[in-house]
Amino acid sequence: MTTPLAYSMSGAVAASGMSRSSLERAIGAGRLKAKKSSEDEDGNPTGNWVILASALEDFLNSLADA
């Protein structure tokens, strides 16, 4: 089995064992780097969350250091 390069929000929830709301709070606080998959016509982020596997790993490691 290969490790994914990136996760959707549901994939990050499954991989981390954390709740969706916990991950969304971490994104909002800037502790977990993530981007929306597209933009609307005004350039505002929209679509699904994309979370790089390395960003999720860094975030989870930061919890162990706390």
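Q: Two strands count as paired when DSSP finds at least two bridges between them. With that in hand, which residue in β3 is the bridge partner of K35?
A: Strands of a sheet pair through backbone hydrogen bonds, either parallel or antiparallel. Before we look, keep in mind that this is a predicted model. Here, K35 has V50 as its bridge partner in β3. Next to that, K36 stands opposite W49 in β3.

Q: In what sense do β2 and β3 pair, parallel or antiparallel, and over how many bridges?
A: Strand β2 covers residues 35-39 and strand β3 covers residues 45-52, and they pair in the antiparallel sense over 4 bridges. The two form a hairpin, with 5 residues between them. Take a look at G43 in that turn: its phi is positive, about 85°.

Q: Which strand does β1 pair with?
A: Strand β1 is residues 6-7, and its partner is β3, again in the antiparallel sense, over 2 bridges. One residue pair to find in the picture is A6 with L52, its bridge partner in β3.

Q: So what is the order of the strands in the sheet?
A: Trace across the sheet and you get β1-β3-β2, an open sheet of 3 strands with antiparallel pairing. That leaves β1 and β2 as the edge strands, each pairing on one side only.

Q: Let's step back. How many helices and strands are in the chain, and what pattern do they follow?
A: The chain holds 3 helices and 3 strands. Walk along the sequence and you meet them as β-α-α-β-β-α. To get a feel for the dimensions, picture the C-alpha atoms filling a box of roughly 40 × 30 × 15 Å, taken along the principal axes.

Q: How do I read burial, and what share of the residues count as buried?
A: The cut-off to remember is that buried means under 20% relative accessible area, while exposed means over 50%. For this chain of 66 residues, 20% count as buried. As for the surface, the chain exposes about 4700 Å², and carbon and sulfur atoms supply 50% of that.

Q: Can we try it on one residue: is I27 buried or exposed?
A: I27 sits in helix α2. Its relative accessible area is 13%, so it is buried. Leaving aside neighbours within four places in sequence, I27 is in contact with M9, L32, A34, W49 and I51. You can also check I27 against F59: they are 32 residues apart along the chain, and their C-alpha atoms are separated by 9.9 Å.

Q: And D65: is that one buried or exposed?
A: D65 belongs to helix α3, which runs over residues 53-65. With a relative accessible area of 70%, D65 is exposed. Now compare its place with E41: the two are 24 residues apart in sequence, and 41 Å apart in space, C-alpha to C-alpha.

Q: What share of the contacts join residues that are at least 24 apart?
A: Among contacts between residues at least 6 apart in sequence, 44% join residues at least 24 apart. The I27 contact list we went through is a good place to practise reading contacts on the model.

Q: Time for charges. How many positive and negative side chains does the chain have?
A: Side chains of opposite charge can pair when their charged atoms come close. This chain has 6 positive and 8 negative side chains, with the centres of the two sets 6 Å apart. The structure holds 1 salt bridge.

Q: Which side chains meet in a salt bridge?
A: Look for E24 and R20, whose side chains meet at 3.0 Å, N to O. They are 4 residues apart in helix α2, residues 20-28, so about one helical turn separates them.

Q: How exposed are E24 and R20?
A: E24 counts as partly exposed because its relative accessibility is 35%. R20 is partly exposed as well, with a relative accessible area of 43%.

Q: Apart from its neighbours within four places in sequence, what is R20 in contact with?
A: With those neighbours left aside, R20 is in contact with M9 and V13. M9 also turns up in the contact list of I27. For a longer look across the model, try R20 and S54: they are 34 residues apart in sequence and 18 Å apart in space, C-alpha to C-alpha.

Conventions. Residues numbered from 1 in each chain as written. Predicted model: local features only at pLDDT ≥ 70, side-chain atom pairs only at ≥ 80, totals over all residues. Heavy atoms only, no water. Buried < 20%, exposed > 50% of the residue type's maximum accessible area, 1.4 Å probe, protein only. Contact = heavy atoms within 4.5 Å. Areas by Shrake-Rupley, 256 points an atom, 1.4 Å probe, with all protein chains shown as cover. Lys, Arg positive; Asp, Glu negative; His and termini not counted. Charge placed at Lys NZ, Arg CZ, Asp CG, Glu CD. Salt bridge = Lys/Arg side-chain N within 4 Å of Asp/Glu carboxyl O.
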